[in-house]
Amino acid sequence: MKTSDDLTTLFRDRGLRVTPQRQAIFGLLHGNDRHPTVDALYEAARADMPTISLKTVYQTVHDLEALGEVTVLDLGTGSVRVDPNVEDEHHHLVCTVCGRVRDLAVDFDGLSVPLRYRRDFTIDEVQVIFRGRCDHCSDRT
């Protein structure tokens, strides 16, 4: 993901407002590989900026998504996740106990939908999600 300064420039170039709240969100996402929920971003930003609104966090995430700087994921964990890794094609590992999400850089070259099943359907994207337990949750059982 781009740095906070790069995102600030990008937003300004596109005519989007850049506020200290947005810059705080940029900073929280840069280098973050934990796939935070929007609520987690809100809580983290609120620790330093008590007046930030959840609406601001959602709007910033959606603006970043529209610019192709993040992917918003619904991985079935109960909350949407923000994935700042848009540079590398990857899939995800999801812990069914704690909800932890991790990138999985693996290729599925032979994966395809047989023609008879995709009749009248165009596939634009493939997401593979592996569900199981992370090491921490496996150790607790």
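Me: How do α3 and α4 lie relative to each other in this chain?
Reply: The model is predicted, with local features needing pLDDT of at least 70 and side-chain atom pairs counting only at pLDDT 80 or more, while totals for chains, interfaces and linings use all residues. Residues are numbered from 1 along each chain as its sequence is written, and side-chain values use heavy atoms, leaving out hydrogens and water. The axes (lines fitted to C-alpha atoms over the stretch in contact, with angles from 0 to 180 degrees between N-to-C directions) of helix α3, residues 38-48, and helix α4, residues 54-66, cross at roughly 125°. An angle outside under 35 (roughly parallel), over 145 (roughly antiparallel) and 65 to 115 (roughly perpendicular) is named by the remaining class, and α3 and α4 are therefore oblique.

Me: Within what distance do the axes of α3 and α4 come?
Reply: Helix α3 covers residues 38-48, and helix α4 covers residues 54-66. Besides crossing at roughly 125°, the axes of these two helices come within 9 Å.

Me: Which residues in α4 are met by residues in α3?
Reply: From α3, the residues taking part are V38, D39, L41 and Y42. Through contact, meaning heavy atoms within 4.5 Å, these residues of α3 meet, in α4, L54, V57, Y58 and V61.

Me: In what order do the elements of the chain run from the N terminus?
Reply: The secondary structure of the chain comes to 5 helices and 5 strands, taken as DSSP runs (H or I, at least four residues, for helices; E, at least two, for strands). From the N terminus on, the elements follow the order α-α-α-α-β-β-β-β-β-α.

Me: What does the C-alpha trace of the chain span?
Reply: The span is taken along the principal axes of the chain. Along those axes, the C-alpha trace extends over about 50 × 45 × 20 Å.
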